[in-house]
Amino acid sequence: MPRRTAYAVFAALAAVVVLVSTAIFVGVGGRDRNVNESAQGTRNSAAPASSGSWVGTWSTSAAAAEPNTLRGLSGMSIRNVVHTSIGGTGARIQLSNLYSARPLTITHASLALAAAPSNPTAAAGTMRRLTFDNRSWVTIPPGQAATSDPVRMNIPTAADLLITIYAPQASGSVTYHPHARQTSYLARGDRTEDTAGAAYTEQSPFWRYLSAVDVWSKEAQGSVAVLGDSITDGITSTAGANHRWTDFLAERLRTEPGAPRLGVLNQGISGNRVLSDGTQFPPNNPSGLSRFSRDVLDRTNVKAVIIELGVNDILRIPHQTDPNKIVDGLRRLTEQAHARGLRVIGATLSPFYGHRGYTPLLDSVRERVNAEIRAGKVFDEVVDFDKALRDPAQPLRLRPAYDSGDHLHPSDEGYRAMARALPLDYLRGSAAAEL
């Protein structure tokens, strides 16, 4: 069966399950007071009524203000396409207005299961209107975020969701994540609850405003949040295929016997550094240190942290050539996580010989940072991405099969090798270790 056909069948079956479960929920005990009704009188939102917890299934980091959007994208429906790492029986979303100097008013928002991968059409029976404090609209102040009310819906694992928002009036700059490696869509006018994708004629490589999706789960223990740069962002992975190394990690957590049940949250930003922010205010591409609390520690039900960061401190101008400063920054991240009772798995810095920024001096900085990491002086546990990716015959460079071609970023197979390199037992720790 072709992949797209199989996905469509799967989505249709999921829709049937949603309808049946909703009918059972509505039919037993009458109307639930936690369920909101839309203007059309349909029941569209419910706080989960059974045991479980909220778990992050997807998230991204607000990276910058989108260029040429000083007045926002008024009068456009923005349909973000995102991929779940874990499933549940309810969902809620977070919207961010971090990079705007003006309030953002969303008057209509929805969530649905995509009928096929990377497709703007919703699977039959899965469209849900989203509310905020029992209202169909929300105004998000500059620099702030807002979380929707929960909706009752069966969210499959490893499926594409459509999160659509509409703002009728001009606002400030659009908060976005530029390197999504996923096609999202735009439509003119309020097409928020369109189940057909015909109106969504404009494609986009960005995620706009959306920063997180949580699910209500009885099975998941929590989530693992990954702080990283373009290697975690998956900048050279196949677009639309979900082949970032964090996607392969989520696959392992779903399929390997005995693996901990965790959602995976990708908090990578291309070009990100441990120590230095980008320009503007608030800074675009904020440093790992400045965004760690917002992007990692404050995510929903985080149980473990992975840090893959430091190579841009070396490669980007001005070059940081003091390895002790990079290592000190990484230790400060670990200390912040320890203050929340979280263990930290840290990654060694992978090779970049052959990259246009390579020099022997810069590579020596990388090697010295790695020596400190391997010595156990920085993180609770170490995942050795340098060892997993380097060419055994020429250890200063990436293995050819793992090289995307720019001699810095991995290929899809390289990203898979990164996920394989992480011992899953590292994610089981429930408390910070003594360094």
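**Second largest pocket and strand pairing**

In the predicted model, the second largest pocket is lined by 19 residues, and those nearest its centre are Gln-94, Ala-145, Ser-211, Arg-294 and Arg-299. The volume of this pocket is about 270 Å³. By residue class, the lining of the second largest pocket comprises eight polar, six charged and five nonpolar residues. At least two lining residues are supplied by each of β6 (88-96), β11 (145-147), β18 (210-217) and α4 (288-297). The largest share, four residues, is contributed by β6. Both domain 1 (62-217) and domain 2 (221-428) take part in the lining of the second largest pocket, with at least three residues drawn from each.

Strand pairing was examined next. Strands of a sheet pair through backbone hydrogen bonds, in either a parallel or an antiparallel manner. An open sheet of six strands, with antiparallel pairing, follows the order β9-β8-β13-β5-β15-β16. Its edges are formed by β9 (128-129) and β16 (202-204); each has a single partner strand, so one side of each is left without a neighbour in the sheet. Within this order, β8 (residues 108-113) and β13 (residues 160-167) are paired in the antiparallel sense over six bridges. His-108 has Tyr-166 in β13 as its bridge partner.

A further antiparallel pair is made by strand β24 (residues 390-391) and strand β25 (residues 394-398), over two bridges. The connection from β24 to β25 is a hairpin of two residues, and Arg-390 stands opposite Leu-398 in β25.

Conventions:
Residues are numbered from 1 along each chain as its sequence is written. This is a predicted model: local features need pLDDT of at least 70, side-chain atom pairs count only at pLDDT 80 or more; totals for chains, interfaces and linings use all residues. Side-chain values use heavy atoms; hydrogens and water are left out. On a 1 Å grid over the protein atoms alone, a cavity is a set of points where a 1.4 Å probe fits but cannot get out, and a pocket is an open set with protein on both sides within 12 Å along at least five of seven lines; lining residues have an atom within 4 Å of a point. Grid points are joined across faces, edges and corners, and a volume is the space filled by probe spheres set on the points. Ala, Val, Leu, Ile, Met, Phe, Trp, Tyr, Cys and Pro count as nonpolar, Asp, Glu, Lys and Arg as charged, and the others, Gly among them, as polar. Domain bounds come from an automatic or database domain assignment. Two strands pair if DSSP finds at least two bridges between them.
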